[in-house]
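Biologist: Could we go through this model together? I should like to begin with a single residue and work outwards from there.

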Amino acid sequence: MATNITGSRTVGLQTDLNSLNILPELVLVDGDLDAAKLLAFLNIVPWAPTYNKKYNFFEDAWLPATDTTSAAVSGTNATTIPVTTILAYNIGHVWRNKRTKELMLVTGKSTSSGTIDVIRALGRDTTNSTGTAAAAINSGDTLQRLGASQGETTKRQVAQSTLPTEVFNYAEKKRYEVEMSDWQRKTKHETGVDWDYQVDKTMRQARKDLNGWLYYGERNTMTVDNELRYTAGGLNFFVSTNLLSVTGVLHSYTFNEWLQDEAMFYGPSEKTGLFSAGVVRSVTEMMTDIIQVSPVNLGTDDMKAGISVITYMSPTGALVHLTEDRCLTTMANGDGFVTDLRVCRLRHFSGDGLDGRPHWMLDTQDTDSDAFSQAILMDIGGEFGPEKHHAKVSGVTNGGAAGRAVS
């Protein structure tokens, strides 16, 4: 049964009627997913709370699979080899020179001098003339890790491991206001009720801004006007490797090599290409006869929609599902990201019954005012997982072409 009250209705009386998270509504405010593709994808991934403004995770990696020599070693009898990453090596492990095919067993190492002591030509059987003989080593030769090798009786070896790297981001507070006098709200317009129009437009603007921020925000904390302010890093802030810088035309050989060696080398064999229209057009121009267009369903209980994507197979059989994000087309046409969306999610700073997910704060006008005001309020940030699972292409301004660039 309704409860009688005396006095003005306040937001406290309406808490149970407010949506705790209006992001699904915000994303689909006009159904145009192209205008905020990254935001739409992240909306279907379960959110995770953070109970501090700073949230982090630790990114681990395997021991290096390869290293390089830092200086040349002439002849075939020298057993001290200068290397680039001395901590990649362990006594009792075998390494292979990619160029000469020679195997070497590490018997000692000097961290201070950056050298390893080895037994040369480990795989060479001189009696039967099999295996690879020792050969001169060049500076910059690639050495490949083959792992441990022991004799008949083993003893305790030196342990070797990696130290995970901390990756963190901040939740950033955002607010969008709608305000109107009672006269303006009561006035009839040819286009309809102005209040409803302004609420809808504010949601659209928030969506556009959020999508760009998820790409290009930068992580920082500073004091502005005597208030502490946190800003969150976007996808571009965290992607530092697997970069393809193009000057003008995107060529198929360059694109395939990048997919093979970098963009699709780490993480799953299927990823999403969130590209500007310039990159999508370039890929279709260079590979029109071998691409496939198919729909992808973004349906959830809160969001039922679909988009069209172009599926592109890399030389190793990995699949990239290309789709245009209108935000990138507007802000950085010629750029795009290959993303592993399975390691991405949104975080919200919430606690003590206060929800940091996007929500309406009602009746924000002055208590004695007859104007109307409400705000979209949120305290959120992106989490993008292992950096190497993503890649970035930039500078595609003149379409695409088959083959390779000719200088």
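Biologist: Where is the place of Ala-135?
Modeller: Ala-135 sits in the loop between β7 and β8. Please keep in mind that this is a predicted model.

Biologist: Is Ala-135 buried or exposed?
Modeller: Neither label applies: with a relative accessible area of 25%, Ala-135 is partly exposed, because that value falls between the limits of 20% for buried and 50% for exposed.

Biologist: Which residues does Ala-135 touch, not counting those up to four places away in sequence?
Modeller: Ala-135 touches Gly-75, Thr-76, Thr-100, Glu-102 and Arg-120. As for Asn-97, 38 residues apart from Ala-135 along the chain, the two C-alpha atoms are separated by 9.6 Å.

Biologist: Staying with Arg-120 and Glu-102, how do their side chains meet?
Modeller: They form a salt bridge, with an N to O distance of 2.7 Å. Arg-120 lies in the loop between β7 (115-119) and β8 (142-148) and Glu-102 in the loop between β5 and β6, so this salt bridge ties together parts that are 18 residues apart in sequence.

Biologist: And are Arg-120 and Glu-102 buried or exposed?
Modeller: Arg-120 and Glu-102 are both buried.

Biologist: How many salt bridges are found in the whole structure?
Modeller: The search finds 14. One of them joins the side chains of Glu-172 and Lys-174 at 3.7 Å, N to O. Glu-172 counts as buried because its relative accessibility is 13%, under the 20% limit. Lys-174 is also buried, with a relative accessible area of 14%.

Biologist: What about Arg-357 and the arginines Arg-345 and Arg-347?
Modeller: Arg-357 pairs with Asp-355, and their closest N and O atoms are 2.7 Å apart. Arg-345 and Arg-347 belong to a network of salt bridges together with Glu-383.

Biologist: Let us turn to the sheet of six strands. What is its order?
Modeller: The sheet is open, and its strands run in the order β3-β8-β5-β6-β7-β4 with antiparallel pairing. The edge strands, β3 (66-68) and β4 (80-82), each pair on one side only. On average, neighbouring strands of this sheet are turned by 45° against each other, direction ignored.

Biologist: Over how many bridges do β5 and β6 pair?
Modeller: Strand β5 (residues 93-97) and strand β6 (residues 103-110) pair over three bridges, in the antiparallel sense. Within this region, Arg-96 has Leu-103 of β6 as its bridge partner.

Biologist: Changing topic, which residues of the largest nonpolar core touch the most other members?
Modeller: They are Leu-23, Leu-38, Leu-39, Leu-214, Tyr-215, Trp-360 and Ile-376, in a core of 40 residues. Several elements supply at least two residues each, including α1 (23-27), α2 (37-43), β10 (172-180) and β21 (372-383). The largest share, eight residues, comes from α4.

Biologist: Is there another core apart from that one, and which residues are among its members?
Modeller: Another core, of 23 residues, lies apart from it, with Leu-250, Ala-318, Val-393 and Val-396 among its members.

Biologist: Going back to Leu-38, what is it in contact with?
Modeller: Leaving aside neighbours within four places in sequence, Leu-38 is in contact with Asn-211, Leu-214, Tyr-215, Leu-274, Asp-325 and Leu-341.

Biologist: Finally, what are the totals for the protein?
Modeller: The protein has eight helices and 22 strands, and 43% of its 407 residues count as buried. Its exposed area is about 22,200 Å², of which carbon and sulfur atoms supply 50%. Among contacts with a separation of 6 or more, 72% involve residues 24 or more positions apart.

How values were computed: Residues numbered from 1 in each chain as written. Predicted model: local features only at pLDDT ≥ 70, side-chain atom pairs only at ≥ 80, totals over all residues. Heavy atoms only, no water. Pairing = 2+ DSSP bridges. Helix = DSSP H or I, 4+ residues; strand = E, 2+ residues; numbered from the N terminus. Axes fitted to C-alpha atoms, helices over the stretch in contact; angles between N-to-C directions. Buried < 20%, exposed > 50% of the residue type's maximum accessible area, 1.4 Å probe, protein only. Contact = heavy atoms within 4.5 Å. Areas by Shrake-Rupley, 256 points an atom, 1.4 Å probe, with all protein chains shown as cover. Core = buried A, V, L, I, M, F, W, Y, C linked by side-chain atoms within 4.5 Å. Salt bridge = Lys/Arg side-chain N within 4 Å of Asp/Glu carboxyl O.
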